[in-house]
Structures are given as structure tokens and as C-alpha cells.
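Trainee: Before I rely on any of the labels attached to this model, I would like to go through the reasoning behind them with you, one label at a time.
Mentor: Then let us set each value against its cut-off and see what follows.

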Amino acid sequence: MRITSGTIIVGTTPVQIDGNSVQPCHLHIRNNDSTKKLFVGNSEVTISNGLPVDKLTTIEFTLPPGEAIHMVSEDGSHSVSWLRITE
């Protein structure tokens with residue numbers, strides 16, 4: 001098992017979080033912002049089609065090998081933390 005983590009700034013252009021894993025993994029994403037929603041999805045995610053993540057909320061995804069999560073925000077300086085646990 002391998003654990004990696006970090007914090008990134010998300011803006012109005014989709015950003016891939018932590019690359020593609022070659023192993024199945026669990027990915028936890030934390031919206032660190034206290035006023036704005038974060039939106040997650042594929043590489044074409046927008047604030048209109050993405051899954052909203054409320055302010056100060058953490059969500060978890062189980063990803064198969066080769067898949068990735070992308071994020072976007074309504075603002076150019078949105079702080080997001082992540083934790084990946086690779087099986």
C-alpha cells in the first residue's frame with residue numbers, strides 16, 4: 001500500500017488531481033474553501049456538468065487503474081487537498 005497527499009490551487013480551467021494510478025486506488029478530495037463549491041468530473045468538467053463538492057467537505061472515490069479525477073472552480077484561487085491510497 002502506498003499513500004500520497006498534497007494541496008493544490010484549482011481555478012476555472014480543469015485540473016487533474018495527482019495523475020493516473022497504475023493500481024486501483026482510493027482518492028479523498030477535500031474542498032478547503034469556506035465559501036465556494038468545487039466541481040469534479042472527467043477532463044471536460046465544468047461548473048455546469050461537474051459533481052459539486054460543498055465548502056469544507058471531503059469526498060472519496062475508488063478509481064480503477066488508469067483513471068483520474070479533474071476539478072474546476074468558479075474562482076481562480078480555490079485550495080483543495082487530496083489523499084491517495086493505492087492498493
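Trainee: Where is Ser21 placed, and why is Ser21 called buried or exposed?
Mentor: In this predicted model, Ser21 sits in the loop between strand E2 (15–16) and E3. Its relative accessibility is 9%, and because buried means under 20%, Ser21 counts as buried.

Trainee: What makes the approach of the Ser21 side chain to the backbone oxygen of Gln23 a polar contact?
Mentor: The side chain of Ser21 reaches that backbone oxygen at 2.7 Å, and a polar contact requires a pair of N or O atoms within 3.5 Å, with one able to donate a hydrogen and the other to accept it. Leaving aside neighbours within four places in sequence, Ser21 is also in contact with Pro65, Gly66, Glu67, Arg84 and Thr86.

Trainee: Why is Arg30 called partly exposed?
Mentor: Arg30, which lies in strand E3 (residues 25–31), has a relative accessibility of 29%; since partly exposed covers the range between the 20% and 50% limits, Arg30 counts as partly exposed.

Trainee: Which residues does Arg30 touch, not counting those up to four places away in sequence?
Mentor: Arg30 touches Leu56, Thr57, Thr58, Ser79, Val80 and Ser81, and its C-alpha is 6.1 Å from that of Trp82, although Arg30 and Trp82 are 52 residues apart in sequence.

Trainee: How do you know that E3 and E8 pair, and in which sense?
Mentor: Pairing asks for at least two bridges, and E3 and E8 have seven, in the antiparallel sense; in one of the pairs, His26 has Ile85 in E8 as its bridge partner.

Trainee: What makes E1 and E6 edge strands?
Mentor: Four strands form an open sheet in the order E1-E8-E3-E6, with antiparallel pairing. Strand E1 (2–10) and E6 each have a single partner strand, so one side of each is left without a neighbour in the sheet. Neighbouring strands here are turned by 20° against each other on average, direction ignored.

Trainee: Which element gives the most to the largest nonpolar core?
Mentor: That core has 14 residues, and those with the most contacts inside it include Ile17, Leu27 and Ile29. Two or more residues come from each of E3, strand E4 (38–41), strand E6 (58–63) and strand E8 (78–86), and E3 gives the most, with three residues. Not counting residues up to four places away in sequence, Ile17 touches Leu27, Ile29, Ile69, Met71, Trp82 and Arg84.

Technical notes: Residues numbered from 1 in each chain as written. Predicted model: local features only at pLDDT ≥ 70, side-chain atom pairs only at ≥ 80, totals over all residues. Heavy atoms only, no water. Buried < 20%, exposed > 50% of the residue type's maximum accessible area, 1.4 Å probe, protein only. Contact = heavy atoms within 4.5 Å. Core = buried A, V, L, I, M, F, W, Y, C linked by side-chain atoms within 4.5 Å. Axes fitted to C-alpha atoms, helices over the stretch in contact; angles between N-to-C directions.
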